[in-house]
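Me: I want to go through the labels used for this model and ask what stands behind each one. Please keep the replies short.

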Amino acid sequence: MSDQNLQKATFANGCFWCTEAVFQRLEGVKDVKSGFTGGVIKNPPYREVVMGRTGHAEAIQITYDPKVVDYKTLLYVFFSTHDPTTLNRQGYDVGEQYRSEIFFHSEAQREDAKFIISELDSEEIFKDKIVTKISKASEFYSAEEEHQNFYNNYTENRYCQLIIEPKLATLRNKFSHQLKS
């Protein structure tokens with residue numbers, strides 16, 4: 001896969017440990033970085049973000065090959081592996097740092113996100129209306145090294161088993177044909 005053909009996608013959908021683990025398993029995804037975006041502080045430390053002091057969301061930035069996995073597929077995975085109907089909350093994680101937000105890198109990504117949200121709402125896939133925000137991508141700050149590749153490094157951790165594993169089960173059930181072998 002040639003690096004010049006790669007594209008970026010940036011999503012916030014709760015704890016980045018969870019979302020990183022999900023997207024790492026998709027065919028065509030070259031890299032997933034956990035970090036922060038959408039706030040006002042440069043190079044925010046994790047402890048400040050999780051306390052809700054920066055305006056940033058925990059997010060992931062995906063580098064992917066659109067010839068292998070298209071942006072719409074990434075969006076369907078995004079919506080299938082978190083609750084996009086809860087404002088500033090994912091499970092036990094509460095605060096704007098855990099919001100559901102799509103940070104688009106191009107007009108085509110923005111249009112795809114709007115289309116899929118409209119489609120999912122009109123088909124009433126979720127009991128409540130989707131509250132996911134769509135925003136222009138801004139500076140993305142990588143989280144500290146101990147937050148990268150978290151699930152793969154700590155698979156037996158209780159949090160990984162209770163919170164991340166069910167998301168991976170959803171991924172395996174709904175997108176098995178898109179997974180790396």
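Me: Start with glutamine 97. Why is glutamine 97 called buried or exposed?

Reply: Glutamine 97 has a relative accessible area of 5%. Buried means under 20%. So glutamine 97 is buried. This is a predicted model, so the value is computed from predicted coordinates.

Me: Where does glutamine 97 lie, and what does it touch?

Reply: Glutamine 97 sits in the loop between strand 5 (93–94) and strand 6 (100–104). Leaving out residues up to four places away in sequence, glutamine 97 touches Val49, Val50, Met51, Gly52, His56, Ala57 and Glu58. Contact here means heavy atoms within 4.5 Å.

Me: Glu58 turns up there. Which residues does cysteine 15 touch?

Reply: Cysteine 15 touches Glu58, Asp93, Tyr98 and Tyr159, again not counting residues up to four places away in sequence. Glu58 is also on the list for glutamine 97.

Me: What makes cysteine 15 count as buried or exposed?

Reply: Its relative accessibility is 9%. The cut-off for buried is under 20%. Cysteine 15 therefore counts as buried. Its place is the loop between strand 1 (7–13) and helix 1 (16–24).

Me: What does UniProt list for "active site"?

Reply: The UniProt record, an unreviewed entry, lists Cys15. Such annotations may be inferred rather than shown by experiment.

Me: Which residues does the record list for the domain?

Reply: UniProt, in an unreviewed entry, lists residues 8–161 for "domain: Peptide methionine sulphoxide reductase MsrA". In the model, that span is 31% helix and 25% strand. Its end C-alpha atoms lie 29 Å apart.

Me: On to helix 1. How many of its residues are buried?

Reply: The count is 9 of its 9 residues, and helix 1 is described as mostly covered. The buried residues are Phe16, Trp17, Cys18, Thr19, Glu20, Ala21, Val22, Phe23 and Gln24.

Me: And how many residues of helix 3 are buried?

Reply: In helix 3, 7 of its 10 residues are buried, and it too is described as mostly covered. The buried ones are Tyr71, Thr73, Leu74, Leu75, Val77, Phe78 and Phe79.

Me: How does helix 3 pack with helix 6?

Reply: Helix 3 (residues 71–80) packs with helix 6 (residues 158–175) at an angle of about 135°. Their axes are 10 Å apart. That makes helix 3 oblique to helix 6, because the angle falls outside the ranges for roughly parallel, antiparallel and perpendicular. The crossing is right-handed.

Me: Which residues make that contact?

Reply: Helix 3 supplies Tyr76, Val77 and Ser80. Helix 6 supplies Thr170, Leu171, Lys174 and Phe175. These divide into 4 nonpolar, 2 polar and 1 charged.

Me: Now helix 4. At what angle do the axes of helix 3 and helix 4 cross?

Reply: They cross at roughly 45° and come within 10 Å. Under 35 degrees would be roughly parallel, and 65 to 115 roughly perpendicular. The angle fits neither, so helix 3 is oblique to helix 4. Helix 3 passes helix 4 in a right-handed crossing.

Me: Which residues meet there?

Reply: From helix 3 come Tyr71, Lys72, Leu75, Tyr76 and Phe79. They meet Gln109, Asp112, Ala113, Phe115, Ile116, Ile117, Glu119 and Leu120 of helix 4. The contact divides into 9 nonpolar, 1 polar and 3 charged residues.

Me: Why is serine 106 called partly exposed?

Reply: Serine 106 has 31% relative accessibility. Buried needs under 20% and exposed over 50%. The value lies in between, so serine 106 counts as partly exposed. Serine 106 is in the loop between strand 6 and helix 4 (107–122). Serine 106 and alanine 9 are 97 residues apart in sequence, yet 9.6 Å apart in space, C-alpha to C-alpha.

Me: What makes the phi of asparagine 43 worth a remark?

Reply: Most residues other than glycine have a negative phi. Asparagine 43 has a positive phi of about 45°, although it is not a glycine. Asparagine 43 is placed in the loop between strand 2 (29–37) and helix 2 (46–50). At 61%, its relative accessible area is over the 50% cut-off, so asparagine 43 is exposed.

Me: What is the phi of asparagine 149, and where is that residue found?

Reply: Asparagine 149 has a positive phi of about 60°, and it is not a glycine. It is found in the loop between strand 8 (141–142) and helix 5 (150–153). Its relative accessible area is 29%, between the two cut-offs, so asparagine 149 is partly exposed.

Conventions
Residues numbered from 1 in each chain as written. Predicted model: local features only at pLDDT ≥ 70, side-chain atom pairs only at ≥ 80, totals over all residues. Heavy atoms only, no water. Axes fitted to C-alpha atoms, helices over the stretch in contact; angles between N-to-C directions. Helix = DSSP H or I, 4+ residues; strand = E, 2+ residues; numbered from the N terminus. Parallel < 35°, antiparallel > 145°, perpendicular 65-115°, else oblique. Left-handed = near helix turned anticlockwise from the far one by under 90°. Nonpolar A, V, L, I, M, F, W, Y, C, P; charged D, E, K, R; others polar. Buried < 20%, exposed > 50% of the residue type's maximum accessible area, 1.4 Å probe, protein only.
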